Amino acid sequence: MRCCHYDENDAVTLLDVPPHIALAKENIAKAGLSHRIGFHAVDMLSDTPFPGEADTGCPTVHY
């Protein structure tokens, strides 16, 4: 959410496990950023491939 607050032109896709995605969706909706933040459910510790254009250089930040 900080990326979206910092730059109104940023769009973000969150990669995380489904329970965390559900919680994030609630918080993002409350912040009015649902139109700029997308979601992709994935277990980051599994061998499941990331979406084709994933930038894995961004650290996971929990609030």
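The pLDDT is the predictor's confidence in each residue, on a scale from 0 to 100. The structure on display is a predicted model, and the mean pLDDT of its chain is 80, with 83% of the residues reaching 70 or more.

**Stop 1: the whole chain, coloured by confidence**

Begin with the entire chain selected. Its secondary structure comes to 2 helices and 2 strands, and these follow the pattern α-β-α-β along the sequence. With the colouring by pLDDT switched on, compare the elements: confidence is lowest in helix α1 (residues 2–6), at a mean of 78, and highest in α2, at 94. Where pLDDT is low, the predicted coordinates should not be read in detail.

Next, display the surface. The chain exposes about 5000 Å², and carbon and sulfur atoms supply 54% of that area. Of the 63 residues in the chain, 16% are buried. Among contacts with a separation of 6 or more, 62% are accounted for by residues 24 or more positions apart.

**Stop 2: helix α2**

Now select residues 18–30, which form helix α2. At 1.5 Å a residue, the 13 residues of α2 should span 18 Å, and the end C-alpha atoms are 19 Å apart, which agrees.

Which residues of α2 are buried? They are I21, A24 and I28. These residues cover an arc of only 65° around the axis, so they sit on the same side of α2. Turn the view to the other side of the helix, where P19, L23 and K30 are exposed.

Add residues 12–16 and 37–41 to the selection. These are strands β1 and β2, against which the buried residues of α2 pack. Before leaving the helix, select G32, just after α2, which takes a positive phi of about 75°.

**Stop 3: the nonpolar core**

Show the side chains of C4, A24, I28, L33 and I37. Together these 5 residues form the largest nonpolar core. Two of the names, A24 and I28, have already appeared among the buried residues of α2.

Centre the view on L33. Leaving aside its neighbours within four places in sequence, L33 is in contact with M1, C4, H5 and I28. C4 and I28 belong to the core as well.

**Stop 4: strand β1, from T13**

Move to T13, which is found in strand β1. What does T13 touch beyond its neighbours within four places in sequence? Its contacts there are G38, F39 and H40. Then draw a distance from T13 to P51: the two are 38 residues apart in sequence, and their C-alpha atoms are 9.9 Å apart in space.

**Stop 5: the segment after β2**

P51 itself lies in the segment after β2. At 28% relative accessibility, P51 counts as partly exposed. When neighbours within four places in sequence are set aside, P51 is in contact with L15 and H40. H40 is also one of the contacts of T13.

Finish with M44, which is likewise located in the segment after β2. Is M44 buried, partly exposed or exposed? It is partly exposed, with a relative accessible area of 38%. Again leaving aside neighbours within four places in sequence, M44 is in contact with L15 and F50. L15 thus returns from the contacts of P51. A last distance to draw runs from M44 to V17: these residues are 27 apart along the chain, and their C-alpha atoms are separated by 7.7 Å.

How values were computed: Residues numbered from 1 in each chain as written. Heavy atoms only, no water. Core = buried A, V, L, I, M, F, W, Y, C linked by side-chain atoms within 4.5 Å. Buried < 20%, exposed > 50% of the residue type's maximum accessible area, 1.4 Å probe, protein only. Contact = heavy atoms within 4.5 Å. Helix = DSSP H or I, 4+ residues; strand = E, 2+ residues; numbered from the N terminus. Expected span 1.5 Å × (residues − 1). Arc of directions from axis to C-beta. Areas by Shrake-Rupley, 256 points an atom, 1.4 Å probe, with all protein chains shown as cover.
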